[in-house]
Amino acid sequence: MVDTQAGRFNEDYWEFFSKWIAPALVPNAKALDMGTGPGGWLTMMKARYPEVGVCGVELVPVMLETARLTGAEIGAEVVAADLSSDEWSASIDGTFEVGHCSMVLHELPNPFSLLKNAAKLIRPGGRLFIFDWCRHSFADYLARKEEEPPLDEDTFQHFSEHARFSPDDVTLLAERAGFREIARQHRDVAHVMLAYQRKGG
Ligand SMILES: C[S@@+](CC[C@H](N)C(=O)[O-])C[C@H]1O[C@@H](n2cnc3c(N)ncnc32)[C@H](O)[C@@H]1O
């Protein structure tokens with residue numbers, strides 16, 4: 001994950017971020033990274049926007065441990081919570097101007113729980129950035145591999161996770177949770193960046 005983060009959070013990513021997400025970063029703004037992994041995004045955010053308070057949420061102990069070390073170095077809070085649970089936002093203090101979620105939604109048993117709780121934490125008018133895998137054909141899935149994988153259970157399981165939601169599916173869930181889509185950009189056939197505004201602002 002650390003090895004791939006420079007490619008994931010590349011110039012296209014930050015261009016999209018600065019156009020559609022950064023306008024919500026008012027003075028004293030706070031940003032919440034849901035499923036922060038080892039906390040790479042927290043570090044990059046602090047480097048680009050030193051005035052913004054950043055907080056990461058993570059569940060898996062080995063990731064949490066690394067994210068907490070990262071957080072201690074850069075002054076970021078890291079909270080343990082299950083983003084697929086019904087009331088995870090109750091363990092987070094305060095409200096946020098920006099929510100961010102990269103390569104997480106497709107992994108969750110209940111992605112609506114993430115979005116519904118994010119809507120409780122992001123203030124009206126605030127922004128939400130969802131960056132994830134999106135639905136693509138099996139032919140495209142195979143074409144992206146350096147070597148064709150065996151056509152076994154693992155491959156089909158992996159394909160069903162990575163090609164699970166279309167961008168419209170994510171927007172349907174985000175709309176129901178209280179967000180309005182303001183921009184989308186495909187990074188490639190299998191990845192999409194989506195920007196939302198919290199309704200009511
Ligand atoms: C593919 S990694 C992406 C990490 C990071 N967002 C990035 O883009 O570099 C997915 C992360 O989501 C976390 N995750 C998966 N399910 C979760 C859950 N139910 N609650 C909290 N975190 C979860 C995983 O532990 C992992 O760190």
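In this predicted model, 19 residues surround the ligand, and the closest of them are G35, G37, L59, V60 and S102. The shell around the ligand is made up of eight nonpolar, seven polar and four charged residues. The chain that holds this site contains eight helices and seven strands, and buried residues make up 36% of its 201 residues.

**Overall form**

- A compact globule of 201 residues would have a radius of gyration near 17 Å, and because the chain has 16 Å, its value agrees with that expectation.
- Taken along the principal axes, the C-alpha atoms of the chain fill a box of roughly 50 × 35 × 35 Å.
- Among the contacts in the chain with a separation of 6 or more, 67% come from residues that are 24 or more positions apart.

**Core and central packing**

- The largest nonpolar core has 46 residues, and M34, A118 and I130 are those with the most contacts inside it.
- When residues up to four places away in sequence are left out, A118 touches M34, G99, L128 and A177, and M34 is itself among the core residues with the most contacts.
- Helix α3, which covers residues 40-48, has G40, W41, L42, M45 and K46 as buried residues.
- These buried residues of α3 pack against two helices, α1 (5-8) and α4 (61-74), and against the strands β1 (30-34), β2 (53-58) and β4 (96-102).
- Strand β2 is mostly covered, since five of its six residues are buried.
- β1 and β2 pair in the parallel sense over five bridges, and within this part of the structure A31 stands opposite V54 in β2.

**Two helix residues in contrast**

- F16 lies in helix α2, which spans residues 11-20, and F16 counts as buried because 20 C-beta neighbours lie inside 10 Å, where 20 or more are required.
- Leaving aside residues up to four places away in sequence, F16 touches Q185 and M193.
- Although F16 and R184 are 168 residues apart in sequence, their C-alpha atoms are 9.0 Å apart in space.
- D140 lies in helix α6, residues 138-143, and D140 counts as partly exposed because it has 13 C-beta neighbours inside 10 Å, a number between the limit of 12 or fewer for exposed and 20 or more for buried.
- With residues up to four places away in sequence again not counted, D140 touches V189 and A190.
- D140 and M34 are 106 residues apart along the chain, and their C-alpha atoms are separated by 28 Å.

**Backbone angles in two loops**

- Most residues other than glycine have a negative phi, which gives the background for the two residues that follow.
- N28 has a positive phi of about 65 degrees although it is not a glycine, and the place of N28 is in the loop between α2 and β1.
- N28 is exposed, because 9 other C-beta atoms lie within 10 Å and a residue with 12 or fewer is placed in that class.
- M103, also not a glycine, has a positive phi of about 60 degrees, and M103 lies in the loop between β4 and α5 (111-121).
- M103 is partly exposed, with 18 other C-beta atoms within 10 Å.

Notes:
Residues numbered from 1 in each chain as written. Predicted model: local features only at pLDDT ≥ 70, side-chain atom pairs only at ≥ 80, totals over all residues. Near = placed C-beta within 6 Å. Nonpolar A, V, L, I, M, F, W, Y, C, P; charged D, E, K, R; others polar. Helix = DSSP H or I, 4+ residues; strand = E, 2+ residues; numbered from the N terminus. Contact = placed C-beta atoms within 7 Å. Core = buried A, V, L, I, M, F, W, Y, C linked by C-beta atoms within 7 Å. Rg over C-alpha atoms; globule rule 2.2 N^0.38 Å. Pairing = 2+ DSSP bridges.
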